[in-house]
Amino acid sequence: MDIPRNITDFFMLGLSQNPEVQRVLFVLFLAVYLVSVAGNLLIMITILLSPTLGSPMYFFLSFLSFIDTCYSSCMTPKLIADSLYEGRAISFESCLAQFFVAHLLGGTEIILLTVMAYDRYVAICRPLHYATIMTRPLCACLVGVAWLGGFLHSLVQLLLVLQLPFCGPNVIDHFVCDLYPLLELACTDTYVIGLCVVANSGVICLLNFLMLTASYILILRSLRGHSAEGRRKALSTCGAHFTVVALFFVPCIFIYTRPSSTLPIDKVVAVFYCILTPMFNPLIYTLRNAEVKNAMKYLWRK
């Protein structure tokens, strides 16, 4: 059965239709994007070239920086370009491509952050077995699982969108192609699909966040038996990771664990986890991590 689809492109309203505001947004998001890409590339290069950063934690961090670079590049350049022009059209195929890649990278990052929490749990709670548990093949396997989970999550989301008939308005009140704004344009009842979105996106966000929280509770309990210096070092590393987790997970949970609907604040929340969080991650990990800072200084002198 053919799904009726009378539109070939969408028109994005973006964050503002005020020309003055758009110019401010252009400068702001261009600066954020450049800082984000430069910071994440710097972390990847530092980890790749520094022999002192060969532990599994930095192996995972390099992949996190790679995902953040791609995630930011998936949406921010179009938002920057749209800030300069009145026409913000995007073809149906391009919209679906942006949608698929964004959820692929977002789902992968969610699972990777959970993997990084497991790495910290093993390092702090089972230090004597850390080297035998977190072997390089296992680390590579866990990264592969993260990518596979992100792909399956994104594929389900894409299949849900492909079931939707679009016959009416084509104006998306957002700056990015996402599922809930697209559901509002579908000329059919989207209640069941909305529940599927919550079951897919909402559950993956909430379940991984609960697993992360449980791992940090276990870490905090185990720190009672460590020395003051050991607790300080562990809390510094885990604090950086938990800050990144909160910046990414809380907005995602707010968006995807509620029933299918859009709120005026959704665009602001999306700016936070789509654009700002990839910029914050390298700053958080470098400012709170002496090993990364020392490795950067060494490479700079070299």
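## A buried lysine and its surroundings

K267 is buried, with a relative accessible area of 15%. That value comes from a predicted model, and this lysine is a handy place to start a walk through the structure.

**The salt bridge at K267**

The side chain of K267 meets that of D173 in a salt bridge, with 3.0 Å from N to O. D173 sits in the loop between β3 and α6 (179–185), while K267 belongs to helix α9 (residues 266–287), so the pair ties together parts that are 94 residues apart in sequence. The two partners differ in their surroundings: D173 is partly exposed at 48% relative accessible area, whereas K267 is buried at 15%.

**Salt bridges within helices**

Across the whole structure, a search finds four salt bridges. Besides the pair just described, here are two that sit inside helices.

| Pair | Closest N and O atoms | Helix |
|---|---|---|
| E20 and R23 | 2.4 Å | α1 (residues 19–49) |
| K78 and D82 | 3.2 Å | α2 (residues 56–82) |

E20 and R23 are three residues apart in α1, a separation of about one helical turn. R23 counts as partly exposed, with 47% relative accessibility. In α2, K78 and D82 are four residues apart, again about one turn of the helix. Is D82 buried or exposed? With 9% relative accessibility, D82 falls under the 20% cut-off and therefore counts as buried. Its partner K78, at 22%, counts as partly exposed.

**A buried serine in α2**

Helix α2 also holds S65, which counts as buried at 2% relative accessibility. Which residues does S65 touch, once its neighbours within four places in sequence are left aside? The contacts are N40, I43 and M44.

**The three-stranded sheet**

Now to the strands. Three of them form an open sheet with mixed pairing, in the order β2-β1-β3. β2 (89–91) and β3 (171–172) stand at the edges with a single partner strand each, so one side of each is left without a neighbour in the sheet. In general, strands of a sheet pair through backbone hydrogen bonds, either parallel or antiparallel.

Both senses appear here. Strand β1 (residues 9–12) pairs with β2 in the antiparallel sense over three bridges, and F10 has I90 of β2 as its bridge partner. With β3, β1 pairs in the parallel sense over two bridges; on this side, F11 stands opposite V171.

How do the side chains of β1 point along the strand? They alternate: F10 and M12 point to one face and are buried, while D9 and F11 point to the other face and are not buried. Helix α3 (residues 92–125) lies across β1, β2 and β3, and runs at about 85° to β2.

**Helix α10 and its buried face**

One more helix rounds off the tour. Helix α10 (residues 290–301) has twelve residues and reaches 16 Å from its first C-alpha to its last, close to the 16 Å expected at 1.5 Å a residue. Its buried residues are V292, A295 and M296. Looking down the axis of α10, these buried residues fall within an arc of 100°, so they line one face of the helix.

Conventions: Residues are numbered from 1 along each chain as its sequence is written. This is a predicted model: local features need pLDDT of at least 70, side-chain atom pairs count only at pLDDT 80 or more; totals for chains, interfaces and linings use all residues. Side-chain values use heavy atoms; hydrogens and water are left out. The expected span of a helix is 1.5 Å times one less than its number of residues. Buried means under 20% relative accessible area, exposed over 50%, partly exposed in between (1.4 Å probe, protein chains only). The arc is that of the directions from the helix axis to the C-beta atoms. Two strands pair if DSSP finds at least two bridges between them. Contact means heavy atoms within 4.5 Å. Axes are lines fitted to C-alpha atoms, for helices over the stretch in contact, and angles run from 0 to 180 degrees between N-to-C directions.
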